[in-house]
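Please report on the empty spaces, the ligand surroundings, the sheets and the unusual backbone geometry of this structure.

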Amino acid sequence: MNEEIRKRTKWFMDARFGMFIHWGLYSIPACGEWMMSEKEMTTEEYHKYFEQFDPVDYDPKKWVRLAKKAGMKYAVLTAKHHDGFCLFDSKLTDYKATNTKAGRDLVREFVDACHEEGLKTGLYFSIIDWHHPDFPKYGDRQHPMRNNLAYKDEKIDFDRYLEYMHGQVKELVTNYGKLDLLWFDFSYDDMTGEKWKATELIKMVRTYQPDVIIDNRLEGAGDNHGSITTDEPLIYSGDFASPEQIIPPKGVCDEHGNPIPWELCATMNNHWGYCNFDYQYKTPQMLVRKLVECVSKGGNMILNVGPDGRGNIPTKSEEILTEMGKWMDKNKESIYGCGISQLEKPDWGRYTQNGDVIYAHVYETPLGALPLYGIGPDKLESVTYLADGSEVNRGEAWNTVLYPDVAFLSFGENPVFTYPLPDEKDTVLKIRL
Ligand code: H79
């Protein structure tokens, strides 16, 4: 990984946990952000949501405070998703929040809220646009009009689209103060890299926001992370890989096998945009474990919420974030600034590590003493429960012939480590060597 990327991404790698916010016109029909494409709707049909859009409860401070409560360090809002509707006051289109009942620039309020509350600020921007007349339609993989013969022989001027798209990105990077993160979405098939005039785009972005960190989707597509994994990343390679709804089994490495920054983006249920029939929420415990898994593999997790059309984050999402926050309150030290451990993954859970300090995330109650694989009994300096700082009993060093590299911990009477392990409260041990 080049030094520039390492420097830029320092805060991001330390932060580890962020909030993704998918919000737009699609929040009104409430069946996910791909609705326009899935239902193959024309812009005219979709326009009714533009007319209805009236987010009377929009208060981004509430969102940002909830993110903080959950232990998240950054937030990323969809300034524009694939449907082309802009939450910001773009001078290049009328298709924007300013012209709805909202009557104002909703991105500005979000950015201001992040800045005020001290959260790193990110904007998501779709490089795909299903509203713009010069974006490819018939035959395009995902365009709502992909099957509409009326567009079969339509002439478009893609350069005009690129000028529009670049112009909007320029608005975002010049009108809202310092941005910490830009999340472009997404390249596919041969629509990648220079098809988007990505070199020119990134040069422009870096002129105004030299330190902003950028995802890899102007180049990377699907399983292909792009040139970010090579010694000579292209200018538009981005700063981090962005696996979607999958934790890479071994994290993400460059071509030499060295870890590079990455961020899992994941939903709490099965949709990004608000969906009023999707109750398949992951539990807070599962999501905490996924966060720990990301950290233990050198990555971040950006967890999504999909506020409804009025601007409210669903109660269920709020509950989950609150529960995760309770865990984070006690155990955040094992997340922030932490990463891959020098020790192999133990059977009973996971290790994260920060310098010399190892954090043992214990998911399974041991049968008797807990074996700390990879730590010789004489190497162990101290072990405490991260949640309350109390000391964990050192077990007897036993069977040092068979297990020379395993220190054993006995939990016996310590009430923090109850049996069985309480749900939603995975125990973290802080180990100094
Ligand atoms: O913004 C979120 C998604 O809308 C976007 N990226 C995240 C961050 C995304 N775009 N495409 N994909 C994710 C992958 C494509 C999934 C698809 Fe489908 C499968 C498109 C059509 C079939 C999912 C299922 C969306 C519609 C049906």
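In this predicted model, the lining of the largest cavity divides into 7 nonpolar and 6 polar residues, with no charged residue. The lining has 13 residues in total, and those nearest the centre of the cavity are Asn269, His271, Tyr281, Gly306 and Ser317. The volume of this cavity is about 80 Å³. In all, 2 cavities of 30 Å³ or more are counted.

The second largest cavity has a volume of about 40 Å³. Its lining consists of Met1, Asn2, Ile5, Ile228, Thr230, Pro233, Asp239, Ile260 and Pro261. By class, 6 of these residues are nonpolar, 2 are polar and 1 is charged.

**Pockets**

The largest pocket has a volume of about 490 Å³. It is lined by 28 residues, of which Arg217, Gly222, Ser242, Pro243 and Glu244 are the closest to its centre. This lining is made up of 12 nonpolar, 11 polar and 5 charged residues.

For the second largest pocket, the volume is about 380 Å³. Here 18 residues form the lining, and the closest to the centre are Met1, Arg6, Met13, Arg16 and Pro259. The classes are 7 nonpolar, 6 polar and 5 charged. Which helix gives the most to the lining of the second largest pocket? Helix H2, residues 10–15, does, with 3 residues.

Met1 appears in two of these descriptions: it is among the residues closest to the centre of the second largest pocket, and it also lines the second largest cavity.

**Ligand surroundings**

The ligand is surrounded by 13 residues, and the closest are His22, Glu33, His81, Asp185 and Glu244. Glu244 is also one of the residues closest to the centre of the largest pocket. By class, the shell around the ligand has 5 nonpolar, 3 polar and 5 charged residues.

Three side chains place an N or O atom at the distances below from an oxygen atom of the ligand.

| Residue | Distance from a side-chain polar atom to a ligand oxygen atom |
|---|---|
| His22 | 2.6 Å |
| Glu33 | 2.5 Å |
| Trp34 | 3.0 Å |

His22 and Glu33 are thus listed both in this table and among the closest residues of the ligand shell.

**Sheets**

One open sheet contains 7 strands with parallel pairing, in the order S5-S4-S3-S2-S1-S7-S6. Its edge strands are S5 (213–214) and S6 (263–266), each of which pairs on one side only. Strand S6 is joined to strand S7 (residues 300–305) by 4 bridges, and the two run parallel. Within this pair, Ala266 of the edge strand S6 stands opposite Leu303 in S7.

Another open sheet has 4 strands in the order S8-S9-S13-S11, and its pairing is antiparallel. At its edges are strand S8 (349–354) and strand S11 (382–385), and each of them pairs on one side only. On average, neighbouring strands of this sheet are turned by 25 degrees against each other, with direction ignored.

How many bridges join S8 to strand S9? The number is 6, and these strands run antiparallel, with S9 covering residues 357–362. At Gly349, the residue standing opposite is Val362 in S9.

**Backbone geometry**

Two positions in the backbone are noted here. The peptide bond from Asp185 to Phe186 is cis, and its omega is near -10 degrees. Phe186 is found in the loop between strand S4 (181–185) and helix H8 (198–208). Strand S4 stands between S5 and S3 in the order of the parallel sheet. Asp185, on the other side of the cis bond, is one of the residues closest to the ligand.

The other position is Glu40, which is not a glycine but has a positive phi of about 50 degrees. Where is Glu40 found? Glu40 is in the loop between helix H3 (35–38) and helix H4 (43–52).

Key: Residues are numbered from 1 along each chain as its sequence is written. This is a predicted model: local features need pLDDT of at least 70, side-chain atom pairs count only at pLDDT 80 or more; totals for chains, interfaces and linings use all residues. Side-chain values use heavy atoms; hydrogens and water are left out. On a 1 Å grid over the protein atoms alone, a cavity is a set of points where a 1.4 Å probe fits but cannot get out, and a pocket is an open set with protein on both sides within 12 Å along at least five of seven lines; lining residues have an atom within 4 Å of a point. Grid points are joined across faces, edges and corners, and a volume is the space filled by probe spheres set on the points. Ala, Val, Leu, Ile, Met, Phe, Trp, Tyr, Cys and Pro count as nonpolar, Asp, Glu, Lys and Arg as charged, and the others, Gly among them, as polar. A residue is near a molecule or strand if one of its heavy atoms lies within 4 Å of it. A polar contact is a pair of N or O atoms within 3.5 Å; within protein, one must be able to donate a hydrogen and the other to accept it, and residues adjacent in sequence count only if both atoms are side-chain atoms. Two strands pair if DSSP finds at least two bridges between them. Axes are lines fitted to C-alpha atoms, for helices over the stretch in contact, and angles run from 0 to 180 degrees between N-to-C directions.
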